[in-house]
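Please open the model in your viewer and keep the sequence panel beside it. The tour moves from one selection to the next and describes what is found at each stop.

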Amino acid sequence: MHPMIPRRLVPALVFLLALIGLGQARQLELHSFMGPGPGLFPSIVLGAVAVLALLLCLLPALGGSEAGEEDEGPPDRRAFGATIAALLFLVPAAAWLGFTAAAIGIALLMAWLGEGRRPWSAFAFGLGCAAVGVLFFGLALNVDIPRSSFDESVQRIFR
Amino acid sequence: MENLLLGFGQVLTPAKLLWCFLGVFLGTVIGILPGLGPLATMAILLPMTFKMEVSSAIIMLCGIYYGVAYGGTATSVLMRIPGEASSVVTCLDGYMMARRGRAGAALGIAAIGSFFAGTVGTLAISYLSPPLARLVFAFGPAEYTMLMLAGLCAVTYFSGTSILRALLMAGLGLALGCIGPDPMTAEPRLSFGLVDLSGGIDIVSLAIGLFGVSELLFMARRRAEELQIIAPPARLLGFLPSRQEARRSAGPVARGTVLGFLIGVLPGGGAVFASFLSYALERKLSKRPEEFGTGAVEGVAGPESANNAGTAGAFVPLLCMGLPANAITAVLLNAFMVHGVSPGPAMIERQPELFWGIIASMYLGNLMLLVLNLPLIGLLVRVLEIPRAWLSPVILLLCLVGVYSSTGDASGVALCVAFGFLGYFLRRRGYDLGIVILAFVLGPIIERSVRQALTIADGDPAIFVQSPLALGLAVLVAVILAAGLWPRRPAVVPA
Amino acid sequence: MSRRRLLLGAAAAGGALALPRLAAAADAFPNREITVIMPTAPGGGADVSLRGVLAPMGRILGVPMVVRNIANPTLATAQIASARPDGYTIGLLGMTALLLMPRLMSVPYKTEDFAFLGGFAEVLYGLGMKAGGPASSVEELIALAKTRRVTCSSNVIVNQLAMIQLGNRAGVKFHWVPTNAQAEAVAQVAGGHVDAVVQSPPEMTPLIRSGQIRFLASACNNRWPSFPEVKTLREMGYEAANFVPLGLACPTATSEAIREKLSAALAQAATDPETQTTITNLGGWPRPMTPEQIRTDMLGQEPMITAALEEAGMRRR
């Protein structure tokens, strides 16, 4: 079922990452005034990873069976795409948009676009999640959540 | 025995019982809810205990610590979100049990195993503490290096995949663990000039990304009708483990308890290390190793008991010597100090009522936790009846809260998402992600120990085989590696 | 979709503007919780001491003081420097982030970015060895270091500064063995794997009391209140001491009126007797410091640290 290329993909990718890491590690001293330096361990680890990855890349048979999880069956493309979109949306949302916007955005993406629920119920659900997050976690339990100025003003009303 | 009676006499007052209950209740709650860790909760509560009587304060704070180990199982089993590194292993088989409709059994066996481990662990604290405490001193950097290497090799060797692929994942975890400040000079390494990476990768974003977020992608791939989860039997206590599951769990619980307690006594990655070792051991001993990863009850019972016994073990060096084994017991040490008490032999001698009171409270606390957790299971498994359209956003938001609160800014969230995709990709290709986490946790400890040992010995590697303990562990490492790399049969290429 | 998100953004901005935040002049300060960034994990001695000070400080100011632990000193300190200068985000400035890290890497802050608000304590340090070990006094330790390699463990390099100074004065070298946790440093010595240790009272006291660690000298400016008979290194004639003041700071751009309010509250909280007992029990030396005092105390150590590190061979890459 698999051509050889995807099979070698993971080792090849790890090999590439290990090389990049080795490039970084080379700037660190192998020996410092205290004995072994900061660069020694990363160099050894990354070197070993690179060798191992290259070996598996050239001789994938050494890796034995590669039965991945849930390989069979066509995926639910719509839900899958929506989940990827939600994950990508989460990064800027956590950095700049705050919790309320993140919750509503994720609910819309996953429940409305991904699963075909009604947009308004998805929006209301997101709002509900936001309320729990901002008021219960953020305010009552004092958990550190991403806060926009909107989230902060909501918290101030309930304080 | 009369000492223990003295302890129970101290604790069996309404006020003390209330503090104990409050502690274990808080522990359960913060174990279940993401974003609340025992460390932060205890630090916040500590100033409030300044005015409390010392034993009440300690009883409550201890309750939080061992209570967390009970509650932490829930999100791992129900949503594949590891609340902490020590419940990563539970994600593997606990979650698969849940998908096969045995969520209640998984949570039930975890609670019962935790109760057994907690109680036996407390018993061991009462009677075996002084000799065990000396174990801590026997481990210097060289011995520690060899112990960690032996554990890592054993887990890699007993992994379900081929050893080369498992080694590749171990290497990946070790490499990820190198990112961040150098453990000796604090010099930032492999951070690619980013301040966000200069502190290293947070274990929470790695674990939640590789396990929780990647599972969201798998969930979305499955078509909705495949997700029908068999509802637990409706009758009372129907969620509990079946007789067969209970029988299969007895051995793992007992072995996990002993293993977890001994490793918990040692400083460092105690509970994580113990849970992984227990999982590897049970897979090795099982007559059905192929079931591991698809919902084997042994894969939940062993690690969950080990994890709780490890918590109990961590109290030994603290109470007997005043040496905290991890960051949480270090908070407990400060809780003692704030009240002008320094734990150790002097405290056991001069304030036996305090020492034995704490011990007695642990017996009662574990009992309270069992009573508290069993009914909760019936409620928690209801989560699985929520349709995917609503459950997925909630899981993602819980991941967000957990990661953001742990790293304190959005860089952890970005990393977590990246690890989610990586985890999905690796799982599709059949790689074992548990080893990544274990190597990530142990890597910095191994590196520090190696460099400590070489500093002590002025660069002479002979130190790693000098003491009998180090030599014995080194031989173990060599045997495991040789056994693992020995070509048992010509490599088979599956069609 | 994008329109909806735009609308959301507008709603968020509108909500912020509607509140009289811009009008919040200094006389209205503070009207909401103050976040205090702590550059360590929660629960350590300094963290608990800080929480002990923040409780009365919050009572004086009438708002909650919320500790935010960011266990990466550089990142935490960068966040203090880049915080909105409205007094609602302040932080504890650590020696590691302020004086040591800039020597090892390029950091996104400089000392001029911070205005000190005052200090509340100094950290106590002590030099210990295994009881019944090869040396039982500082002289013997120095003599030992002349004959063989002597190691000394501690969890951060700040603790080691006194040993670097002591070694430089006595013409010997103590080889630093860094550990992950405070207690681990002490355990390594009690187990006989490392020769000496420099740590603080919470992790050292239990093993000193149980007779496993011999307390040779106090390695800071003061004797320990719990062991008043043990002299400081300086009293023994060695010009060597760790000097780590704990205090709060805010971004320099914060208005003077707000800074004064915070300073006054901190000064009052630091003299609170209950707080001082807490700090003492946690192994600190309670010492209220004015903003100028702590500034001089901390920044005044820069030449010493530079010299000590250069002599020890640590330098900026």
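How many of the six residues of strand β11 (residues 284-289) of chain C are buried? Select that strand in this predicted model, and you will find that six of the six are buried, so β11(C) is largely enclosed by the rest of the structure. Both of its faces are covered, with Gly284(C), Pro286(C) and Pro288(C) buried on one side, and Trp285(C), Arg287(C) and Met289(C) buried on the other. Now add β4(C) to the selection, which pairs with β11(C) in the antiparallel sense over four bridges. To see how the two strands line up, look at Gly119(C), which stands opposite Met289(C) in β11(C).

**The two domains of chain C**

Next, colour chain C by its domain assignment, which gives domain 1 as 29-123 + 244-308 and domain 2 as 126-241. The C-alpha centres of these two domains of chain C lie 27 Å apart, and the contact between them takes 13 residues from domain 1 of chain C and 14 residues from domain 2 of chain C. On the side of domain 1 of chain C that touches domain 2 of chain C, the elements that give two or more residues are α4 (95-104), β4 (114-123) and α12 (302-312) of chain C. The largest share of that side, three residues, comes from α4(C). The residues on this side of domain 1 of chain C divide into eight nonpolar, four polar and one charged.

**A second enclosed strand**

Move to strand β6 (residues 150-154) of chain C, where five of the five residues are buried, so this strand, too, is largely enclosed by the rest of the structure. Val150(C), Cys152(C) and Ser154(C) are buried on one side of β6(C), while Thr151(C) and Ser153(C) are buried on the other, and both faces are therefore covered. Select strand β7 (residues 174-178) of chain C as well, and you will see a parallel neighbour that five bridges join to β6(C). Within this pair, Thr151(C) stands opposite His175(C) in β7(C). Following the chain from β6(C) to β7(C) takes you through helix α6 (residues 157-170) of chain C, in a β-α-β crossover that is right-handed. Strand β8 (residues 196-199) of chain C also runs parallel to β6(C), and two bridges join them; here Ser153(C) stands opposite Val197(C) in β8(C).

**Where chain C meets chain B**

Show chain B next to chain C, and look at the contact in which 49 residues of chain C meet 45 residues of chain B. Several elements of chain C each supply at least two residues to the side that touches chain B, among them α2 (45-61), β2 (65-69), α3 (73-81) and α10 (273-281). By class, this side of chain C has 25 nonpolar, 18 polar and six charged residues.

**Leu36 in chain B**

Staying with chain B, select Leu36(B), which is found in the loop between α2 (14-32) and α3 (38-45) of chain B. Is Leu36(B) buried or exposed? With 24 C-beta neighbours inside 10 Å, Leu36(B) counts as buried. Leaving aside residues up to four places away in sequence, Leu36(B) touches Leu141(A), Val143(A), Ile30(B) and Thr41(B). Add Ser406(B) to the view, and note that its C-alpha atom is separated by 8.5 Å from that of Leu36(B), although these residues are 370 residues apart along the chain.

**Backbone details**

Most residues other than glycine have a negative phi, and most peptide bonds are trans. Against that background, centre the view on Arg80(B), which has a positive phi of about 60 degrees although it is not a glycine. Arg80(B) lies in the loop between α5 (73-79) and α6 (88-99) of chain B, and it counts as buried because it has 26 C-beta neighbours inside 10 Å. Then go to Asp458(B), in the loop between α20 (434-456) and α21 (468-485) of chain B, where phi is near 55 degrees, again a positive value in a residue other than glycine. With 12 C-beta neighbours inside 10 Å, however, Asp458(B) counts as exposed.

For the last stop, return to chain C and select Phe29(C) and Pro30(C), which are joined by a cis peptide bond with an omega of about -10 degrees. Pro30(C) lies in the loop between α1 (2-18) and β1 (34-38) of chain C.

How values were computed
Residues numbered from 1 in each chain as written. Chains lettered and ligands numbered in written order. Predicted model: local features only at pLDDT ≥ 70, side-chain atom pairs only at ≥ 80, totals over all residues. Domains from an automatic or database assignment. Contact = placed C-beta atoms within 7 Å. Nonpolar A, V, L, I, M, F, W, Y, C, P; charged D, E, K, R; others polar. Buried ≥ 20, exposed ≤ 12 C-beta atoms within 10 Å, placed from the backbone. Pairing = 2+ DSSP bridges. Right-handed = clockwise from strand over helix to strand, strands pointing away.
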